[in-house]
Amino acid sequence: MREYLLTLCVTAAVTYLLTGPVRKFAIAAGAMPQIRARDVHREPTPRLGGIAMFGGLCAGLLVASQLLNIGEVFTASDEPRALLAGAAIIWLLGVLDDKWGVDALVKLGGQMIAAGVMVWQGLTILWLPIPGVGNVAVTALQGTLLTVALVVVTINAVNFVDGLDGLAAGVVCIAAIAFFMYAYRIWYGHGIQEASPATLFAAILIGMCLGFLPHNMHPARIFMGDSGSMLIGLVLAASAVSVTGQVDPDNITAHEGSIRQGVQAMVPVYMPLLLPLTILAVPMADLALSILRRTWKGQSPFAADRGHLHHRLLEIGHSHSRAVLIMYFWSALIAFGAVAFSVQSSSLLIVLAIVLLSAAGLVVLLLPRFTPRVPRWAQRVVPPRYRRVATQPQAEPEPGAAAGRAEQDASAGARAPETVGAAARARAAGLHGATAVSEHDRGAHRRTIDSRP
């Protein structure tokens, strides 16, 4: 555990320290796109935060390769090199998209190429445990298709949820922590050495997200962009593929006592079709709803809009920070609930805890829908937003006031061109507002004095 913590801390520190210089580079390079209609931030913010996250990934892998116990992963398996190769491809594609923009179909093709490179180097799914059936081996073609599909879906799910400050990094960090807990339990609890690469990938991913979050929390000073969101999505998918493709199910079966119990114990993180729904339930739900919504409207599934879950939270009245925290809460509840079920699926206490936390989450989620009516005698002790605002009656205009106001407007209109011209000249000289008008008046008075005989 100490070596994993050291790797995590080094990754977080390198990512954090690189983010500042990367922000300056992004500003100098012009990677600050104008605000779009679907954006929620109010001023242009630099992207390319994925450069710092990729630097943290490389630093974490380099440090881990020099450690005593974790270093054995690099000699016994090609998975770290496969991850680095796929991450480099997806990161380069994201950098190009952040700077110049890349077509959605081109990005989809690049994601498939990155997944294919990882499969080619040995990071692939070899078998699947099916509940009630047992362990089912898959062919090379089936394993390749399943791996590419899992990687592409996870990358786009993380990319879709990246819409608020700190949202994608926080949600993926929560998912990586839950995955690390389960993978570490498989390695040390069950004594399965093949789970060590997935545990290492999850620890590095936690460090990448934790190092970037201080710069990305609201109000964000830099965005991770596609270079960061696609990168962390690929690392999370690689962790899932590593466990599914390399861990021998017979070892789990021997530890649990029967095939059925072994399959049941591994399902929460061992089955590719169930893993995204548990560890990344919120981004996956957002991805599915976005595709259905855009297809129903006759649009492309990759067309951007303001219908994501985080946009809905803002529309019903939540603040930016509260919307992010709500997404954190539901992600953590589902991810850690799945991990708890994998450890003790028959515990009634876990079920009760999840039900109570879900009820509390629903209350907080629907809180802006309720408009409490506070009595007048209690308005002094409640926050100002719950107090009734008394409307002031508008006073009737005095007779003749309208005529006087019209005369003033007419005289102001007669002087408007000259005053506006003086104000424009003064603004060019560094003067503003009332100063410009006063300078114009003093200039006119000075010309009158000079013209006297």
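L48 is found in the loop between α1 (2–29) and α2 (50–65), in a model that is predicted. The helices here (H or I, at least four residues) and the strands (E, at least two) are DSSP runs, numbered from the N terminus. Although L48 is not a glycine, its phi is positive, at about 65 degrees, and with 2% relative accessibility this residue counts as buried, a word that stands for under 20% relative accessible area, whereas exposed means over 50% and partly exposed in between (1.4 Å probe, protein chains only).

A second loop, the one between α8 (196–216) and α9 (225–246), holds P219, and the peptide bond that leads from H218 to P219 is cis, with omega near -5 degrees. As background to both loops, most residues other than glycine have a negative phi, and most peptide bonds are trans.

Turning to the whole protein, one finds 18 helices and two strands, and 46% of its 453 residues count as buried. If one takes the contacts (heavy atoms within 4.5 Å) between residues at least 6 apart in sequence, 73% of them join residues at least 24 apart.

What does a search of the whole structure for disulfides find? It finds zero disulfides, where a disulfide is a pair of cysteine sulfur atoms within 2.5 Å. Among the residues of the protein, C9 is partly exposed at 46% relative accessibility, and C58 is partly exposed too, with a relative accessible area of 30%.

Residues are numbered from 1 along each chain as its sequence is written. In this predicted model local features need pLDDT of at least 70, and side-chain atom pairs count only at pLDDT 80 or more, while totals for chains, interfaces and linings use all residues.

Technical notes
Side-chain values use heavy atoms; hydrogens and water are left out.
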